[in-house]
Amino acid sequence: MAGVEEEQQLQNSSVDQGGTDEIITEGASVVHGELPQDDAGPPKVDSEVEVLHEKVTKQIIKEGHGQKPSKYATCFVHYRAWAESTQHKFEDTWREQQPLELVIGKEKKEMTGLAIGVNSMKSGERALFHVGWELAYGKEGSFSFPNVPPTADVLYEVELIGFDETGEGKTRGDMTVEERIGTADRRKMDGNALFKEEKLEEAMQQYEMVSPLLIVD
């Protein structure tokens, strides 16, 4: 019964209570922008290589806007990942239609390099990162993803949809139902305000961060 009550609360929260000019956002796609073409492997990027860390480099594919996330910000990203040595793709959140929630400074060990990259991005930015094996899946590789062999450097194509500085380092799984509802409502309001200012890309980024909060476990 608790699961049913939680689902009902989340469903009720997705209906705007304002006037008819309110925008319904729960149907917004979590796939931001054009779906990358992935059949040919990692994208070829000609932009300048930026060294973020001894083991992490970055090339910008598309410029973003605004500020960069700070430590403990909850970031929402789409990404694809390949083992560099084999060129085999082992993860693709665009295809799964579900962005990753990543809290800067609280990431899993194998995502240390990815977090360094995300920390350098602006909302809406897309970039290609090269991450050394020491900040990825290590000497053993990954048992979860068979295409990640031992000591494999990883290539990530990443898009930062947006980030939340007010969550105190909490992912959706750490939030209570009330916190998730409140955060979703705030993001919808921010999106509506941006839409009225005709800042369509920024508005969509706010809307896309709503969907993960309304998923019932």
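Here are a few worked exercises on the predicted model above.

The model is predicted, so local features need pLDDT of at least 70 and side-chain atom pairs count only at pLDDT 80 or more, while totals for chains, interfaces and linings use all residues. Residues are numbered from 1 along each chain as its sequence is written, and side-chain values use heavy atoms, with hydrogens and water left out.

**Exercise 1: the overall layout**

Work out how many helices and strands the protein chain has, and in which order they run.

Step 1. Take helices (H or I, at least four residues) and strands (E, at least two) as DSSP runs, numbered from the N terminus. The protein chain then has 5 helices and 7 strands.

Step 2. Read the elements from the N terminus on: α-β-β-β-β-α-β-α-β-β-α-α.

Step 3. Turn to burial, where buried means under 20% relative accessible area, exposed over 50%, and partly exposed in between (1.4 Å probe, protein chains only). Of the 217 residues in the protein chain, 47% are buried.

Step 4. Look at contacts, meaning heavy atoms within 4.5 Å. Among those between residues at least 6 apart in sequence, 73% join residues at least 24 apart.

**Exercise 2: the nonpolar core**

Find which residues of the largest nonpolar core touch the most other members, and which strand gives the most to this core.

Step 1. Recall that a nonpolar core is a set of buried Ala, Val, Leu, Ile, Met, Phe, Trp, Tyr and Cys residues joined through side-chain atoms within 4.5 Å.

Step 2. The largest one has 28 residues, and those touching the most other members are Val 77, Tyr 79, Val 118, Phe 129, Tyr 156 and Val 158.

Step 3. Sort the core by element: at least two residues each come from strand 3, strand 5 (100-103), helix 3 (112-118), strand 6 and strand 7. Strand 7 gives the most, with 5 residues.

Step 4. Zoom in on Val 118 and set aside its neighbours within four places in sequence. Val 118 is then in contact with Pro 69, Cys 75, Val 77, Leu 102, Ile 104, Phe 129, Val 158 and Leu 160.

**Exercise 3: an aromatic pair**

Describe the geometry of the pair formed by Phe 90 and Tyr 137, and decide whether each residue is buried or exposed.

Step 1. Rings of Phe, Tyr and Trp (its six-membered ring) pair if their centres lie within 6.5 Å; planes under 30 degrees apart count as stacked, over 60 as edge-to-face and the rest as tilted. The structure holds 2 such aromatic pairs.

Step 2. For Phe 90 and Tyr 137, the centres are 5.6 Å apart and the planes make an angle of 90 degrees, an edge-to-face pair.

Step 3. Place the partners: Phe 90 sits in strand 4 (residues 88-92) and Tyr 137 in the loop between strand 6 and strand 7, 47 residues apart.

Step 4. Check burial. Phe 90 is buried, with a relative accessible area of 10%, and Tyr 137 is buried at 14%.

**Exercise 4: salt bridges**

Trace the salt bridges of Glu 125, Glu 159 and Glu 157, and say where their partners lie.

Step 1. Apply the rule: a side-chain nitrogen of Lys or Arg within 4 Å of a carboxyl oxygen of Asp or Glu. The count comes to 6 salt bridges.

Step 2. Glu 125 meets Lys 58 at 2.7 Å, N to O. Glu 125 lies in the loop between helix 3 and strand 6 and Lys 58 in strand 2, so this pair ties together parts that are 67 residues apart in sequence. Glu 125 is buried at 3% relative accessible area, and Lys 58 is buried at 3%.

Step 3. Glu 159 pairs with Lys 62, with the closest N and O atoms 3.8 Å apart. Glu 159 belongs to strand 7 and Lys 62 to strand 2, 97 residues apart. Glu 159 is buried at 0% relative accessibility, whereas Lys 62 is partly exposed at 32%. A network of salt bridges links Lys 62, Arg 126 and Glu 159.

Step 4. Glu 157 meets Arg 80 at 2.1 Å, N to O. Arg 80 is in strand 3 and Glu 157 in strand 7, 77 residues apart, and both are buried.
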